[in-house]
Amino acid sequence: MMPVNRRRFLALALGWPAVASAATSSTVNDYEPTDLVETLLSRANIPRHSNELWVLIDDKEATLSIYRGNTVVEHYSPISLGRGGAKTQRVRGDNVTPLGEFRINRFNYESQWHIFIGIDYPTPPHARMALEKGIYSQADYDDYFDHYRRHGAPPQNTALGGAIGIHGIGGGDPDIHGQYHWTQGCVAVTNEQIEQVASLVGVGTRVVIR
């Protein structure tokens with residue numbers, strides 16, 4: 001099996017060709033910092049296949065929609081996102097919901113938020129952007145991929161934060177939920193809605209937050 005180094009890992013995560021010429025590699029190393037997540041989001045709302053079950057969370061509309069291909073299966077509005085807004089780059093403690101394309105990787109049915117559905121934030125593109133912007137040092141970046149290779153999931157305790165997912169309101173106030181973005185970066189729906197979401201999605205389901 002071909003070893004998965006950082007460049008190959010990122011290439012696989014982004015869907016880029018994993019093998020590039022020396023000239024291409026030089027170009028990649030010298031390019032100006034770009035918003036990789038924004039680039040990925042430009043095509044993220046296209047179903048992977050006609051029967052794909054996937055989730056679309058729209059920050060501007062404050063909605064969560066579950067699709068089967070291009071057909072809406074469930075639609076929830078309003079939902080709550082982070083108090084700090086939604087951005088392609090977040091850091092620990094800023095209460096921002098990360099934009100991007102994710103996969104569900106865990107469920108917690110004993111959460112204080114009724115049910116917690118975790119996603120694989122921070123993704124490799126988020127890590128790459130953090131390195132380019134100086135949020136990650138090279139050592140941080142190396143440690144990120146080392147953790148991902150060993151555990152099959154991103155680390156949750158770096159400068160980018162973690163523990164991001166979709167959850168209910170638990171014992172929270174439904175009126176506040178209906179009027180304000182109140183989370184620390186997660187996406188919140190009502191307890192009844194999170195039960196419905198959990199019954200439809202599974203580990204590996206694609207989640208787009210835009």
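**Figure 1. His167 in strand E8 of the predicted model.** In this predicted model, His167 is found in strand E8. With a relative accessible area of 3%, His167 is buried, since the limit for that class is under 20%. Beyond neighbours within four places in sequence, the contacts of His167 include the aromatic residues Trp113, Phe116 and Trp182. Ile115, Thr183, Cys186, Val187, Ala188, Val189 and Ile194 are also in contact with His167.

**Figure 2. His167 and Cys186, the positions listed under "active site".** An unreviewed UniProt entry lists His167 and Cys186 for "active site". These positions span 20 residues in sequence, yet no two of their C-alpha atoms are more than 7.4 Å apart, so they gather at one spot. Cys186 is placed in the loop between helix H6 (174-179) and strand E9, and its relative accessibility of 9% makes it count as buried. Leaving aside neighbours within four places in sequence, Cys186 is in contact with Ser80, Leu81, Gly82, Thr97 and Phe116, and also with Ala163, Ile164, Gly165 and His167. Phe116 thus appears among the contacts of His167 and among those of Cys186.

**Figure 3. The open sheet of eight strands.** The strands follow the order E3-E2-E1-E10-E6-E7-E8-E9, and their pairing is mixed. Strand E3 (71-76) and strand E9 (187-188) are the edge strands, each pairing on one side only. Helix H7 (residues 191-200) packs on this sheet, where it touches E1, E2, E3, strand E6 (100-111), strand E7 (114-119) and strand E8 (165-167). The direction of H7 makes about 50 degrees with that of E7. In the protein chain as a whole, the secondary structure comes to seven helices and 10 strands.

**Figure 4. Antiparallel pairing of E1, E2 and E3.** Strands of a sheet pair through backbone hydrogen bonds, in either a parallel or an antiparallel sense. E1 and strand E2 (residues 63-68) are paired in the antiparallel sense over six bridges. The bridge partner of Leu56 in E2 is Ser65, and Ser65 also stands opposite His75 in E3. E2 and E3 pair in the antiparallel sense as well, over five bridges. These two strands, E2 and E3, form a hairpin with two residues between them. Gly69, in the turn of this hairpin, has a positive phi of about 65 degrees.

**Figure 5. The largest nonpolar core, with Val207.** This core has 45 residues, and those with the most contacts inside it are Ile57, Leu64, Ile79, Ile117 and Val207. Strand E1 (residues 53-58) gives the most to the core, with five residues. Not counting residues up to four places away in sequence, Val207 touches Val55, Ile57, Gly100, Glu101 and Phe102, together with Ile104, Ile119 and Ile166. Of the 210 residues of the protein chain, 45% count as buried. Among contacts in the chain between residues at least 6 apart in sequence, 61% join residues at least 24 apart.

**Figure 6. Surroundings of Asp59 in the loop between E1 and E2.** Asp59 is found in the loop that lies between E1 and E2. The C-alpha atoms of Asp59 and Gly85 are separated by 8.2 Å, with these positions 26 residues apart along the chain counted as their sequence separation. Residues up to four places away in sequence not being counted, Asp59 touches Leu81, Ala86 and Arg210.

**Figure 7. Thr88 and its polar contact with Asp35.** Thr88 has its place in the loop between strand E4 (86-87) and strand E5 (97-98), and counts as buried at 12% relative accessibility. The side chains of Thr88 and Asp35 are joined by a polar contact of 2.8 Å. Apart from neighbours within four places in sequence, Thr88 is in contact with Asp35, Val37, Glu38, Leu99, His126 and Met129.

**Figure 8. Thr158 and its polar contact with Tyr136.** Thr158 lies in the loop between helix H5 (138-151) and E8. This residue, Thr158, counts as buried at 15% relative accessibility. A polar contact of 2.6 Å joins its side chain to that of Tyr136. When residues up to four places away in sequence are not counted, Thr158 touches Arg92 and Tyr136.

Methods. Residues are numbered from 1 along each chain as its sequence is written. This is a predicted model: local features need pLDDT of at least 70, side-chain atom pairs count only at pLDDT 80 or more; totals for chains, interfaces and linings use all residues. Side-chain values use heavy atoms; hydrogens and water are left out. A nonpolar core is a set of buried Ala, Val, Leu, Ile, Met, Phe, Trp, Tyr and Cys residues joined through side-chain atoms within 4.5 Å. Buried means under 20% relative accessible area, exposed over 50%, partly exposed in between (1.4 Å probe, protein chains only). Helices (H or I, at least four residues) and strands (E, at least two) are DSSP runs, numbered from the N terminus. Contact means heavy atoms within 4.5 Å. Two strands pair if DSSP finds at least two bridges between them. Axes are lines fitted to C-alpha atoms, for helices over the stretch in contact, and angles run from 0 to 180 degrees between N-to-C directions. A polar contact is a pair of N or O atoms within 3.5 Å; within protein, one must be able to donate a hydrogen and the other to accept it, and residues adjacent in sequence count only if both atoms are side-chain atoms. UniProt positions are given in the numbering used here, feature names are shortened, and annotations may be inferred rather than shown by experiment.
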